[in-house]
Amino acid sequence: MHHQSLAELDDAVLAGRSSDGDVRAFEVLIRRHTPLLRAYARRTLGSTDELDDVVQETFITAWDRLDSLEDLARVKSWLMRILSRKCLDRIRARRVHDDVTELEVAAPADDAPDRVAEARSREDAVERALAELPEAQRRCWIMKEVLEYRYDEIAAELDLPPSTVRGLLSRARKNMIRLMEGWR
């Protein structure tokens, strides 16, 4: 009889076992989803020493709250939601120290489109284009396009007036279009 290894089980089964206290099942979920969570955190926070911290905190929170996960098959999006909250908390804490003028930062560098065009995959190209955006534009773009927040939710999360969010988003879109133009 073939004993199925934990790594072959799907998220729902692993999440079920984890909520029964099976640490090994949870470790498989951690290994499976860490790359995605790290990529998202890097995209949201920029490459900082906070990456590993937020990913680790996400899994600790998830472990504590496994009982509250209603649809076990949706582990991935649940983890992403926990992570995005933690990333936004960090951004908010940072913004207290930032000068608001950082919101009006100029467009990306002139050679940025060339760098984006060199990317191998579309994912890569989007990563590179996002990296060129000023932080405030990048946050708004990710919340709108990746997390599918509404304008008012973004405004509330980032503690900005909706008009500012709209301005940042429209600049972010123009920049993304310009940056992605050369990518085929």
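At roughly what angle do the axes of H8 and helix H9 cross? In this predicted model, the axes of H8 and helix H9, the latter made of residues 162-180, cross at roughly 105° and come within 9 Å. This briefing follows helix H8 through its contacts with H9 and H7, and then turns to Leu-88, a residue of helix H4 that is in contact with Glu-157 and Leu-158, among others.

**H8 and H9**

- Because angles from 65 to 115 degrees count as roughly perpendicular, H8 and H9 are described as roughly perpendicular to each other.
- On the H8 side the contact is made by Tyr-151, Ile-154 and Ala-155, while H9 contributes Pro-162, Val-165, Arg-166, Leu-169 and Arg-173.
- Sorted by class, the residues in the contact of H8 with H9 comprise six nonpolar and two charged ones, with no polar residue among them.

**H7 and H8**

- Helix H7, which covers residues 135-146, and helix H8, which covers residues 151-158, have axes that come within 10 Å and cross at roughly 135°, which means that H7 is oblique to H8.
- The crossing of these two helices, H7 and H8, is right-handed.
- From H7, the residues making the contact are Arg-139, Cys-140, Met-143 and Lys-144, and from H8 they are Tyr-151, Ile-154, Glu-157 and Leu-158.
- In the contact of H7 with H8 there are five nonpolar residues and three charged residues, but no polar ones.

**The buried face of H8 and what follows the helix**

- Within H8 the buried residues are Ile-154, Ala-155, Glu-157 and Leu-158, and because they fall within an arc of 165° when seen down the axis of H8, they line one face of the helix.
- Following H8 comes Asp-159, a residue whose phi is positive, with a value near 55°.

**Leu-88 in helix H4**

- Leu-88 lies in helix H4, which is made of residues 75-95, and with a relative accessible area of 3% this residue counts as buried, because the term applies to values under 20%.
- If its neighbours within four places in sequence are left aside, Leu-88 is in contact with Met-143, Tyr-149, Glu-157 and Leu-158; of these, Met-143 belongs to H7, whereas Glu-157 and Leu-158 are listed with the buried residues of H8.
- Leu-88 and Arg-139 are 51 residues apart along the chain, and their C-alpha atoms are separated by 8.9 Å; Arg-139 is also one of the H7 residues in the contact with H8.

Notes:
Residues numbered from 1 in each chain as written. Predicted model: local features only at pLDDT ≥ 70, side-chain atom pairs only at ≥ 80, totals over all residues. Heavy atoms only, no water. Axes fitted to C-alpha atoms, helices over the stretch in contact; angles between N-to-C directions. Helix = DSSP H or I, 4+ residues; strand = E, 2+ residues; numbered from the N terminus. Parallel < 35°, antiparallel > 145°, perpendicular 65-115°, else oblique. Left-handed = near helix turned anticlockwise from the far one by under 90°. Contact = heavy atoms within 4.5 Å. Nonpolar A, V, L, I, M, F, W, Y, C, P; charged D, E, K, R; others polar. Buried < 20%, exposed > 50% of the residue type's maximum accessible area, 1.4 Å probe, protein only. Arc of directions from axis to C-beta.
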